[in-house]
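Here is a briefing on one protein chain. Look over the sequence and the fold first, then take the points below topic by topic.

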Amino acid sequence: MRIVFAGTPGFAVPCLRAAAGRGEVVAVYTQPDRPAGRGRQPAASPVKVEALARGLPVFQPENFKSAAAREQLRELKPDLMVVVAYGLILPQSVLDIPRMGCWNVHASLLPRWRGAAPIQRALEAGDAETGVCLMQMEKGLDTGPVLLSLATPITAEDTGGSLHDRLSLLGAEVLEDGLKLLRAGMRPLVQPQPAEGVTYAHKLDKAEARLDWSRPARELANRVRAFNPWPVAEAELAGERVRIHAAAALDHAHGRPPGTVLAAGRDGIDIACGDGALRLQQVQREGGRPMAAADYLNARPALRGA
């Protein structure tokens, strides 16, 4: 099989390894190098780094609008194109080039959470489980039929970071399962997505990270988990803006205005919410590092008497 792989962030690297394991990847497409770090110097994507380490040809077109970019892909004579978090919407003219079309590894159980941020939106919504789907791509946004899927429970300890890493590995597993079928001369069973249950995982916005204490504590706790490690929840705490890396919802009927510090001690800082209370467990002051709430209280001892 001649496989062309298209992906950009670290999430896609395990899938590239799975696809390249038998030496079938003939080329890798990834986003152009972007400025990164304090020096804002152009940096290669994690997928490009992995591809170069494997000695694979790398192509980085801005898009596929030009006939030259499409012809370059056509000259590779791909049997299959595997797309994982590439960052470009592929037009039908590209989807039609590989002999067996294009496969996508998507980090949700479709049709729930189509779109850009399925991992974070599943956590934010309080979903009990999520997973990965191997999908046959078509022109619509994550609308193609599902070939294979794997589910995983969402635990109370999961964050956007931990779930990202687990789904990245599951994605490589489901892709490998699909490729094994092709190598055996079989195609995965095509299962059209149901019309019911469609939800969209809109791209994260940093403005969403600002917590509103008038909201229910359970909702805020889910948001803290979902937005760790990016963009990281933040809120006003007794006149100081802090970032919140870990928190837990408490079923606490307090009758106090939202934002009031109810208690502060070794276990955390309890803040009154519209419904219940949010216990801050790990916070970060402006310009500082994340610290346990107990350590934060050493710098603001007045909060202990709240």
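Helices and strands here are DSSP runs, numbered from the N terminus; a helix has at least four residues and a strand at least two. By that count, P145 sits in the loop between β9 and β10. The model is predicted. The protein has 8 helices and 17 strands.

**Overall build**

- The C-alpha atoms fill a box of roughly 70 × 45 × 30 Å along the principal axes.
- Of the 306 residues in the protein, 50% are buried.
- The accessible surface comes to about 14,600 Å². Carbon and sulfur atoms account for 51% of that surface.
- Take the contacts between residues at least 6 apart in sequence: 62% of them join residues at least 24 apart.

**The loop between β9 and β10**

- P145 has a relative accessible area of 17%, so this residue counts as buried.
- Which residues does P145 contact, leaving aside neighbours within four places in sequence? They are L134, M135, Q136, E138, V190, Q191 and P192.
- P145 and V190 are 45 residues apart along the chain, yet their C-alpha atoms are separated by 5.9 Å.
- L141 is found in this loop too, between β9 (129-136) and β10 (146-153). Its relative accessibility is 45%, so L141 counts as partly exposed.
- L141 joins V198 and Y200 in a nonpolar patch on the surface. Together the three have about 250 Å² of accessible area.

**Nonpolar cores**

- Nonpolar side chains tend to be buried together in soluble globular proteins.
- The largest nonpolar core here holds 44 residues. Those touching the most other members are F5, V25, V28, V84, W103, L167 and L175.
- Helix α6 (residues 160-183) gives this core its largest share, 8 residues.
- V25 touches I3, F5, A19, A20 and L56, not counting residues up to four places away in sequence.
- Another core, of 25 residues, lies apart from it. Among its members are A217, V224, C273 and Y296.

**Helix α7**

- How many of the 10 residues of helix α7 (residues 217-226) are buried? The count is 8, and the helix is mostly covered.
- The buried residues are A217, L220, A221, N222, R223, V224, R225 and A226.
- Their cover includes α5 (118-124), α6, β12 (233-237), β13 (240-250) and β16 (277-284).

**Aromatic pairs**

- A search of the whole structure finds 2 aromatic pairs.
- Why is the pair of Y29 and F64 called tilted? The ring centres are 5.6 Å apart and the planes stand at 35°, so the pair is tilted. The tilted class lies between stacked, under 30 degrees, and edge-to-face, over 60.
- Y29 lies in strand β2 (residues 25-29), and F64 in the loop between β5 (58-59) and α3 (67-75). The pair therefore ties together parts that are 35 residues apart in sequence.
- Both Y29 and F64 are buried.
- Y29, F59 and F64 form one aromatic cluster.

**Salt bridges**

- The structure holds 22 salt bridges.
- R166 pairs with D158, with the closest N and O atoms 2.8 Å apart. R166 has 26% relative accessibility, so it counts as partly exposed. D158 has 4% relative accessibility, so it counts as buried.
- R210 and E234 meet through their side chains in a salt bridge of 3.8 Å, N to O. The pair links distant parts of the chain, 24 residues apart. R210 is in the loop between β11 (200-201) and α7, and E234 is in strand β12. R210 has a relative accessible area of 48%, so it is partly exposed.
- E219 and R215 form a salt bridge at 3.0 Å, N to O. E219 is partly exposed at 26% relative accessibility, and R215 is partly exposed at 39%.
- R22, E24, E176 and R183 are joined into one network by salt bridges that share partners.

Key
Residues are numbered from 1 along each chain as its sequence is written. This is a predicted model: local features need pLDDT of at least 70, side-chain atom pairs count only at pLDDT 80 or more; totals for chains, interfaces and linings use all residues. Side-chain values use heavy atoms; hydrogens and water are left out. Rings of Phe, Tyr and Trp (its six-membered ring) pair if their centres lie within 6.5 Å; planes under 30 degrees apart count as stacked, over 60 as edge-to-face and the rest as tilted. Buried means under 20% relative accessible area, exposed over 50%, partly exposed in between (1.4 Å probe, protein chains only). Patches are made of residues with over 30% relative accessible area and no salt bridge: like charges are joined within 9 Å, nonpolar side chains (Val, Leu, Ile, Met, Phe, Trp, Tyr) within 5 Å. Accessible areas come from the Shrake-Rupley method with a 1.4 Å probe; for residues, only the protein chains shown count as cover. A salt bridge is a side-chain nitrogen of Lys or Arg within 4 Å of a carboxyl oxygen of Asp or Glu. A nonpolar core is a set of buried Ala, Val, Leu, Ile, Met, Phe, Trp, Tyr and Cys residues joined through side-chain atoms within 4.5 Å. Contact means heavy atoms within 4.5 Å.
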